[in-house]
Amino acid sequence: MGFAGSDSMKITARALLVTLLLASTGIAVSSCQADRDIDITKLGVETDPPETLYNQGLANIKAGNMTEAGKKFDAINQQEPFSEWARKALVMSTFVKFRQGRYDDAVTTGNTYLKQYPQSEDAAYVQYLVGNSYSKQIVDVTQDQRAAQQTIEAMQKVVTNYPTSEYVNDAQAKIRFAKDQLAGKEMQVGRYYLERKDYLAAISRFRIVVEQYPTTNQIEEALARLVEAYYAMGIVQEAQTAAAVLGHNYPDSKWYDDSYKLLKSGGAEPRENSGSWISRAGKKLLLGT
């Protein structure tokens, strides 16, 4: 993909996409000052050939005219659907919608592309844009975390389907962040139940964190809260096991210090019961899975 024509437009579409995407996610890149005085909004999109429309769309992106760029790419898809120009235009249309903050539209357009061209040269990039569109919609843990789950699913496809792509490392980082959000949501609900002495409900939430999100930042507190909840219920052996697993994996944690003091206050100490679900989960922690 690239600008056709004059020597002043020897920038490829892929290079432009990567440059603009990195800039939108906070990574500094160097570029020439774009000419923002470009005005091609009155060109006839209904009659121009697809190559002309495509290059006009790229010029509008470079000039910062995202709305007009989107019109150019959409016109190509209307005029010549399933053509090579339409394929390229779908990539650019997904990018434009993402840059405009129209994340749901970017997901829809991106998924349309992926259904039609799953093995194309731009498929990894489009899948990455879909994942980023979900990631941009992740909200505070006190709110619904559907976008976090969707981020994980979309970015895992980048990792699984396109393992050699340049987007894998950032996709994995986005997955880790989204998992931490999901774990944080479980902790928030678990603490709510714990404060109201609904210990069984609290334990079920903390257990989700320990078993499903063991590599997140929430794991230390989750184990400590299990100590607290089990101890409050009088199930001391499980409290001891949770404390022992916490101590084995995070001996310098303030959460372990608190758990140790809680047990000692009642004459107990951390001691692992190998038959406990907490002990089995702890072995996975040691393996880093």
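## Second largest pocket

Helix 7 contributes the most to the lining of the second largest pocket, giving 5 residues. The model is a predicted one. This pocket has a volume of about 210 Å³. Its lining counts 13 residues, and the closest to the centre are Asn111, Leu114, Gln127, Val130 and Lys157. Three elements give two or more residues each to the lining: helix 5 (103-116), helix 6 and helix 7.

## Overall fold

The protein has 13 helices and 0 strands. Read from the N terminus, the order is α-α-α-α-α-α-α-α-α-α-α-α-α.

Of the 289 residues, 48% are buried. The accessible surface comes to about 14700 Å², and carbon and sulfur atoms hold 48% of that surface. Among contacts with a separation of 6 or more, 60% join residues 24 or more positions apart.

## Ser133 in helix 6

Helix 6 spans residues 123-135, and Ser133 sits in it. Is Ser133 buried or exposed? Ser133 has 0% relative accessibility, so it counts as buried. The cut-off for buried is under 20% relative accessible area.

Which residues does Ser133 contact, once neighbours within four places in sequence are left aside? They are Phe98, Tyr103, Ala106 and Val107. Tyr103, Ala106 and Val107 fall within the range of helix 5 (103-116), and Phe98 falls within that of helix 4 (84-99).

## Ser165 before helix 8

Ser165 lies in the loop between helix 7 (146-161) and helix 8. Ser165 has a relative accessible area of 19%. The limit for buried is under 20%, so Ser165 counts as buried.

Ser165 and Ala124 are 41 residues apart along the chain, yet their C-alpha atoms are separated by 6.7 Å. Ser165 also touches Ala124, and it touches Val158 as well, not counting residues up to four places away in sequence. Val158 falls within the range of helix 7, while Ala124 falls within that of helix 6.

## Two positive phi values

Most residues other than glycine have a negative phi. Phe82 has a positive phi, near 70 degrees, and is not a glycine. Where does Phe82 lie? It is in the loop between helix 3 (66-79) and helix 4 (84-99). Phe82 is exposed, with a relative accessible area of 63%.

Lys197 is also a residue other than glycine with a positive phi, of about 60 degrees. Lys197 is placed in the loop between helix 8 (168-195) and helix 9 (199-212). Its relative accessible area is 61%, so Lys197 is exposed. For both residues the cut-off is over 50%.

## A nonpolar surface patch

Which residues form a nonpolar patch on the surface? Leu200, Met233 and Ile235 do, and together they have about 260 Å² of accessible area. Leu200 falls within the range of helix 9 (199-212). Met233 is at the end of the range of helix 10 (219-233).

Ile235 is in the loop between helix 10 and helix 11 (236-249). At 32% relative accessibility, Ile235 is partly exposed. That value lies between the limits of 20% for buried and 50% for exposed, which is why Ile235 falls in the middle class.

Methods. Residues numbered from 1 in each chain as written. Predicted model: local features only at pLDDT ≥ 70, side-chain atom pairs only at ≥ 80, totals over all residues. Heavy atoms only, no water. Helix = DSSP H or I, 4+ residues; strand = E, 2+ residues; numbered from the N terminus. Buried < 20%, exposed > 50% of the residue type's maximum accessible area, 1.4 Å probe, protein only. Contact = heavy atoms within 4.5 Å. Areas by Shrake-Rupley, 256 points an atom, 1.4 Å probe, with all protein chains shown as cover. Patch = residues over 30% accessible without salt bridge, like charges linked within 9 Å, V, L, I, M, F, W, Y side chains within 5 Å. Salt bridge = Lys/Arg side-chain N within 4 Å of Asp/Glu carboxyl O. 1 Å grid on protein atoms, 1.4 Å probe; cavity = no way out; pocket = protein on both sides within 12 Å on 5 of 7 lines; lining within 4 Å. Points joined across faces, edges and corners; volume = space filled by probe spheres on them.
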